[in-house]
Amino acid sequence: MVSFALGGAKPAAAWTDKPVALEQVDSFLAIDAQGRVTIYVGKVDLGTGLRTGFVQLAAEELDVPMAAVSVVEGDTALTPDQGPTYGSLGIQIGGVQLRQAAATARALLVAEAASRFGLPAETLRTEDGAAVAPDGRRVTYATLVGGKAFARPIDPGATIKPPEARKVVGKPVPRVDIPDKVMGRFAYVHDLKLPGMLHGRTVRPPAMGAVAEAVDEASVAGIPGIVKVVHEKGFVGVVAETEWAAIKAQQALKVRWSAWAGLPDQAKLWEHVRATPSRSAK
């Protein structure tokens, strides 16, 4: 992966230690020799569409097509530490930081293009991954990048696009994660596969408070791929060579559960809560 510098930066081939500091442009984005943009975010999309939002933000501020932007999320070796993902702060914090980095990158690209054209930077515009002069001359980001790193701090004063100038942010766009999810290509965290990996399933009690008194291991002995039945105190589980074998064993394992007192009578629920002794959180 390569990106852009105004001069003095080490070549991409020597860029073995990618920065992750929140103050550096290179921590958040890179542009390769084909003009494709890779953005690096410490937040992660947990199914709420954050990835699409990040792509929109970068595409908007850099004036590149959304299709030209790819995302690396939550990789502690590559992405800046933007804190945990919770409480709707992904865009509010992570997106704002990414936007400022992209706006800084755009300003640096325009400044370089203006130098090449011999024109004031404010006379240039950006579109479709290129800087364009008033007379129609254009130079792509890929050309401006030149196989180097930005190696510049994020400018907190870099101008971001005002709402009226935005073409991507605030507009309805297809979520970038949906096609792979629909077609079964999306890699979830539990899709991890390692050599010799085993699969496990917890066998749940039939009711709250029930405890396993005895486990009949022979009840699942006929299922191919069973490795072990685990019974430790109140925990019961199965381990198998394949996920499907673990699922079948989980369903077929015979367990004798202790008697269960049941839930309180709904009509007396309030009295039950009031009479239940409280416990200290310590």
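1. Helix H6 and its packing. The buried residues of H6 pack against three strands: E7 (199-202), E9 (226-232) and E10 (235-240). In this predicted model, the buried residues of H6 include Ala 245, Ala 246, Ile 247 and Ala 249. Lys 248 also belongs to helix H6, which spans residues 243-252. Lys 248 counts as partly exposed, because its relative accessibility is 30% and the partly exposed class lies between under 20% for buried and over 50% for exposed.

2. A long separation from Lys 248. Lys 248 and Ser 278 are 30 residues apart along the chain. Their C-alpha atoms are separated by 40 Å.

3. Strand E2. This strand covers residues 37-41, and 5 of its 5 residues are buried. Which residues of E2 lie on one side, and which on the other? Val 37, Ile 39 and Val 41 are on one side, with Thr 38 and Tyr 40 on the other. Both faces are covered, as all of these residues are buried. The general rule is that side chains in a regular strand alternate between the two faces of the sheet.

4. Partners of E2. Strand E1 (residues 29-31) pairs with E2 in the antiparallel sense, over 3 bridges. Within this pairing, Ala 30 stands opposite Thr 38. The hairpin of E1 and E2 has 5 residues between the strands, and Gly 35 there takes a positive phi near 90°. E2 is also joined to E3, in this case by 5 bridges and with the strands running parallel. Val 41 of E2 stands opposite Glu 73 in E3.

5. Asp 63. This residue sits in the loop between helix H2 (50-62) and strand E3 (69-73). Is Asp 63 buried or exposed? Asp 63 is buried, because its relative accessible area is 14% and the cut-off for buried is under 20%. Its side chain makes a polar contact of 2.6 Å with the side chain of Thr 126. Beyond its neighbours within four places in sequence, Asp 63 is in contact with several residues, among them Ala 58, Arg 106, Glu 127, Asp 128, Gly 129 and Tyr 141. Lys 161 is also in contact with Asp 63, and these two residues are linked with Glu 60 in a network of salt bridges.

6. Arg 106 and Glu 61. The whole structure has 14 salt bridges. One of the pairs is Arg 106 with Glu 61, whose side chains meet at 2.9 Å, N to O. Arg 106 lies in helix H3 (residues 89-117) and Glu 61 in helix H2, so the pair ties together parts that are 45 residues apart in sequence. Both ends of this salt bridge are buried: Arg 106 has a relative accessible area of 13%, and Glu 61 has one of 0%.

7. Glu 112 and Arg 116. These residues form a salt bridge in which the closest N and O atoms are 3.2 Å apart. Both residues lie in helix H3, 4 residues apart, or about one turn of the helix. How do the accessibilities of the partners read? Glu 112 counts as buried at 18% relative accessibility, whereas Arg 116 counts as partly exposed at 46%.

8. Asp 177 and Lys 181. The side chains of this pair meet in a salt bridge of 2.7 Å, N to O. Asp 177 counts as buried at 2% relative accessibility. Lys 181 counts as partly exposed at 27%.

9. A nonpolar surface patch. Ile 178, Val 182 and Met 183 make a nonpolar surface patch of about 310 Å². Val 182 is placed in helix H5, which spans residues 178-182. Val 182 is exposed, because its relative accessible area is 63% and the cut-off for exposed is over 50%.

Note on methods
Residues numbered from 1 in each chain as written. Predicted model: local features only at pLDDT ≥ 70, side-chain atom pairs only at ≥ 80, totals over all residues. Heavy atoms only, no water. Patch = residues over 30% accessible without salt bridge, like charges linked within 9 Å, V, L, I, M, F, W, Y side chains within 5 Å. Areas by Shrake-Rupley, 256 points an atom, 1.4 Å probe, with all protein chains shown as cover. Salt bridge = Lys/Arg side-chain N within 4 Å of Asp/Glu carboxyl O. Helix = DSSP H or I, 4+ residues; strand = E, 2+ residues; numbered from the N terminus. Buried < 20%, exposed > 50% of the residue type's maximum accessible area, 1.4 Å probe, protein only. Polar contact = N/O pair within 3.5 Å; in protein donor to acceptor, adjacent residues only side chain to side chain. Contact = heavy atoms within 4.5 Å. Pairing = 2+ DSSP bridges.
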